[in-house]
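Have the sequence and the 3D view ready. This report looks at charged pairs first and at two unusual backbone angles after that.

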Amino acid sequence: YIGSLAIPSVEALAVDGDDLLVGGYFTRAGLVPANHIARWNGSEWFALGVGVDRGVAAIQPSGDQLYVGGLFDLAGGEVANGVARWDGERWESLGSGRGNDLDGEVRALALSGAGLFAGGNFRTAGDQPSNFVARWNGSRWNALGAGPDNGLNGPANALAASGSDLYVGGVFNQAGGQRAKAVARWDGSLWHPLGSGSNGVGLPS
């Protein structure tokens, strides 16, 4: 991501009711101090508390709450490595202690009945290996798959949930140990490539 405080950038947008949520690398929205995330109600900018200490790359509204992901260590002054929740008044980490640790950048979020999914450039979530994608079930992080081939073999940049399925796109050629070029589907228990032959997108092979 090219955003910096010297050159402000917007990396994520989401609609929440009648409002627009904006995340990225900036410290002001209009004339309002707003650290990396802000809300636009159609006529005015509002900060979300004191925001987060570094850039926001993903935003996922959920009822009266909001999840954000990015490359930050603190949210509202509290430790929240890479992902945090805004309850409308204050920021909260997911989990406690090392339970909220993602050891890298969160680039995408998606919500389904199975929980909150996070994808990005990280190798652990909470206290377990979770290769580039993980699920928060409300109390702890879980890997998508078991063993050393859980998750992906490269960063996840995009997530989309549909029913019980999660679609993941990114910079990888394996999902759950199977060939899957840049896009794959998680059905809740197993990974699947999309189609046969090239098994994804990219140059012919």
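Is Arg 185 buried, partly exposed or exposed? The model is predicted, and in it Arg 185 has a relative accessible area of 23%. That makes Arg 185 partly exposed, because buried means under 20% and exposed means over 50%.

**A bridge between two strands**

Arg 185 has a charged partner. It forms a salt bridge with Asp 165, and the closest N and O atoms are 3.2 Å apart. Arg 185 lies in strand 23, while Asp 165 belongs to strand 20 (residues 165-170), so the pair ties together parts that are 20 residues apart in sequence. Asp 165 has a relative accessible area of 18%, so this residue counts as buried. The bridge therefore joins a partly exposed Arg 185 to a buried Asp 165.

Why can such pairs form? Side chains of opposite charge can pair when their charged atoms come close.

**Other salt bridges**

How many salt bridges does the structure hold? There are 8. Among them are the three in this table, each with its N to O distance.

| Pair | N to O distance |
|---|---|
| Glu 92 and Arg 85 | 3.1 Å |
| Asp 87 and Arg 90 | 3.5 Å |
| Arg 185 and Asp 165 | 3.2 Å |

Take Glu 92 and Arg 85. Glu 92 is partly exposed, at 28% relative accessibility. Arg 85 is buried, at 17%. Now take Asp 87 and Arg 90. Asp 87 is partly exposed, with a relative accessible area of 24%. Arg 90 is also partly exposed, at 46%.

**Two positive phi angles**

Turn to the backbone. Which residue in the loop between strand 4 and strand 5 should you look for? Find His 36 there, with strand 4 spanning 32-33 and strand 5 spanning 37-40. His 36 is not a glycine, yet its phi is positive, at about 75°. The relative accessibility of His 36 is 5%, so it counts as buried.

Next, find Ala 182. This residue sits in the loop between strand 22 (178-179) and strand 23 (183-186). Ala 182 is not a glycine either, and its phi is positive, at about 75°. What is the relative accessibility of Ala 182? It is 18%, so Ala 182 counts as buried.

Strand 23 links the two topics. One end of the loop that holds Ala 182 is strand 23, and Arg 185 of the salt bridge lies in strand 23.

Conventions:
Residues are numbered from 1 along each chain as its sequence is written. This is a predicted model: local features need pLDDT of at least 70, side-chain atom pairs count only at pLDDT 80 or more; totals for chains, interfaces and linings use all residues. Side-chain values use heavy atoms; hydrogens and water are left out. Helices (H or I, at least four residues) and strands (E, at least two) are DSSP runs, numbered from the N terminus. Buried means under 20% relative accessible area, exposed over 50%, partly exposed in between (1.4 Å probe, protein chains only). A salt bridge is a side-chain nitrogen of Lys or Arg within 4 Å of a carboxyl oxygen of Asp or Glu.
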